[in-house]
Amino acid sequence: MNATALEAACDAPIGADQDADANAGPVYLDANATTPMAPAVLAAMLPYFSAEFGNPSSPYAAGGRARAAVTEARARVAAAIGGEDSEIVFTSGGTEGANAAIRAALKANPKRRVLVTTAVEHAAVRTLADRLETRGVIVRRVPVESTGALDIAAFEDALGPDVAVVSAMWANNETGTLFPVAELAERAKAVGALFHTDAVQAAGKLTIDVAATAIDLLSFSGHKLHGPKGIGALYVRRGLKFSPLIVGGRQERGRRAGTENVPAIVGLGVAAELAAAADWSGVQALRDRLEAELMARITAAMVLGDRGARLPNTSCIAFAGADAEAVLHRLDRAGIAAASGAACSSGSIEPSHVLRAMAVPDTFARGAVRFSLSRDTTAADIDRVLAVVPAIVADLRPPCRRPSPSPEKLHA
Ligand code: PLP
């Protein structure tokens, strides 16, 4: 793509009425933000809001039934990621899991002062790293390539005998790019560091078998895999000295205090089991079709992320010269939900830290839209998107402001 292509984009005709299909029902392509609960998940949870309201710590029958439900859910979650039941700690979600994991790892390795992480982590890890840095922890942030792939040489350089913990996400929430976490964990282990991975986006979309890796800590969240919000799990490798983030009662074997959220835990168990059995090949085919057709119909657009190592459901497409927030607004009017950059930073017009770390030129980064499909996405959903996006982008491109991308940096 080059300036000529962008000129052609400026000349593209304005298409059909983009609001025409708004009454055809919503199209939800923001599954990396959250997912609807699967009906089986809701059904499994419901009794624990009413008849089965017992406290798992209570000694009588109702407590025993709640305890049994938590035990069963723990087994389901453990099986879904290849861990043992005793290695699962229920949390309030991905953010708590990452905070608990990193802080516990630093405490378990008190003579070492360094946290190695990456430049593209979710705020759950990034903000904690920033905070820890102000409290004397040395933070090394490993850069990424223009594809979003981790700079492995820089990763190697960041490792040393002073590293207490490495925290690297498994899958990026904005671009879907995967990091080779099993390999990174091996390298961390070789220098005596603990390894945590934020697997919030990977869980439920990729096969996870922690026992086959050197990963020590892995956090994930229920609401990204058709489970409830406000629940997640942290895998803690057996034998790891774990200091809890939340102290109080002896719940979760002293690793996370507070009366268990039984309905949500039950829901997470069912959601994790369903997700582990899911086949993503159909979703990936839909994602690939969406991308191929948008790229064919829209000039000066590019797919961001490592196309060789990417989640099957995520497509981050940058439309040069179009403002992503405006595209989202027009999509919303057409009944289509998508995101720009990270959902958490939507509303900000600055390119996200992820796209900046990838050195995506501003004119593209500001026009980056993330479509994230779910197991519920249909071919008709994709057709709806294809029917409106080219015209929306053409409409929103300034008649002929000509940004000058740096094609040599790109990988479209
Ligand atoms: N990590 C990643 C990669 C995420 O995408 C998210 C949520 O978007 C989180 C962590 C936070 O998870 P939770 O919402 O469960 O706290």
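This briefing describes two sheets, the helices that pack on them, and two individual buried residues. The structure is a predicted model. In one part of it, seven strands make up an open sheet with mixed pairing, and helices α4 and α5 both lie against strands of that sheet, α4 touching β2, β3, β5, β6, β7 and β8 and α5 lying across β3, β4, β5 and β6. Another open sheet has three strands with antiparallel pairing, and helix α10 packs on that sheet.

**The seven-stranded sheet**

- The strands of this open sheet follow the order β2-β8-β7-β6-β5-β3-β4, and their pairing is mixed.
- At the edges stand β2, which covers residues 88–91, and β4, and because each has a single partner strand, one side of each is left without a neighbour in the sheet.
- From one strand to the next, the twist averages 20°.
- At the β2 end, β2 pairs with strand β8 (residues 232–236) in the antiparallel sense over four bridges, and within this pairing Phe90 stands opposite Ala233 in β8.
- At the β4 end, strand β4 (residues 138–142) pairs with β3 in the parallel sense, again through bridges, of which there are five, and here Val114 stands opposite Ile138 in β4.

**Strand β3 within that sheet**

- Strand β3 spans residues 114–118, and since five of its five residues are buried, the strand is largely enclosed by the rest of the structure.
- Val114, Val116 and Thr118 point one way from β3, whereas Leu115 and Thr117 point the other way, and all of them are buried.

**Helices α4 and α5**

- Helix α4 packs on the seven-stranded sheet, where it touches β2, β3, β5 (163–167), β6 (194–198), β7 (217–221) and β8, and its direction makes about 165° with that of β7.
- Helix α5 lies across β3, β4, β5 and β6 and runs at about 145° to β4.
- The two helices also pack against each other: α4 (residues 94–108) and α5 (residues 123–134) meet at an angle of about 40°, with their axes 9 Å apart, and that angle makes α4 oblique to α5.
- The crossing in which α4 passes α5 is right-handed.
- On the α4 side the contact is made by Thr95, Ala98, Asn99, Ile102, Arg103 and Leu106, and on the α5 side by Ala124, Val125, Leu128 and Leu132.
- Sorted by class, the residues in this contact of α4 with α5 are seven nonpolar, two polar and one charged.

**The three-stranded sheet and helix α10**

- This open sheet has the order β9-β10-β12, with antiparallel pairing.
- Its edge strands are β9 (301–304) and β12 (368–372), each of which pairs on one side only, and the twist averages 25° from one strand to the next.
- Strand β10 (residues 314–319) pairs with β12 in the antiparallel sense over five bridges, and Cys316 stands opposite Arg370 in β12.
- Helix α10 packs on this sheet, touching β9, β10 and β12, and its direction makes about 10° with that of β10.

**Helices α10 and α14**

- Helix α10 (residues 281–297) and helix α14 (residues 379–396) have axes that come within 10 Å and cross at roughly 15°, and the two helices are therefore roughly parallel to each other.
- The crossing in which α10 passes α14 is right-handed.
- From α10 the contact draws on Leu286, Arg289, Leu290, Glu293, Leu294 and Arg297, while α14 supplies Ala379, Ile382, Asp383, Val385, Leu386, Val389 and Pro390.
- Sorted by class, the contact of α10 with α14 has nine nonpolar, no polar and four charged residues.

**Two individual residues**

- Val41 is found in helix α2 (residues 39–45), and Val41 is buried, with a relative accessible area of 0%.
- The C-alpha atoms of Val41 and Val270 are separated by 5.7 Å, although these residues are 229 residues apart along the chain.
- Not counting residues up to four places away in sequence, Val41 touches His226, Gly227, Pro228, Gly267, Val270, Ala271 and Leu274.
- Gln251 lies in helix α8 (residues 251–254); with a relative accessible area of 12%, Gln251 counts as buried.
- When its neighbours within four places in sequence are left aside, Gln251 is in contact with Ser57, Arg256, Ala257, Gly258, Thr259 and Glu260.

Technical notes. Residues numbered from 1 in each chain as written. Predicted model: local features only at pLDDT ≥ 70, side-chain atom pairs only at ≥ 80, totals over all residues. Heavy atoms only, no water. Axes fitted to C-alpha atoms, helices over the stretch in contact; angles between N-to-C directions. Parallel < 35°, antiparallel > 145°, perpendicular 65-115°, else oblique. Left-handed = near helix turned anticlockwise from the far one by under 90°. Contact = heavy atoms within 4.5 Å. Nonpolar A, V, L, I, M, F, W, Y, C, P; charged D, E, K, R; others polar. Buried < 20%, exposed > 50% of the residue type's maximum accessible area, 1.4 Å probe, protein only. Pairing = 2+ DSSP bridges.
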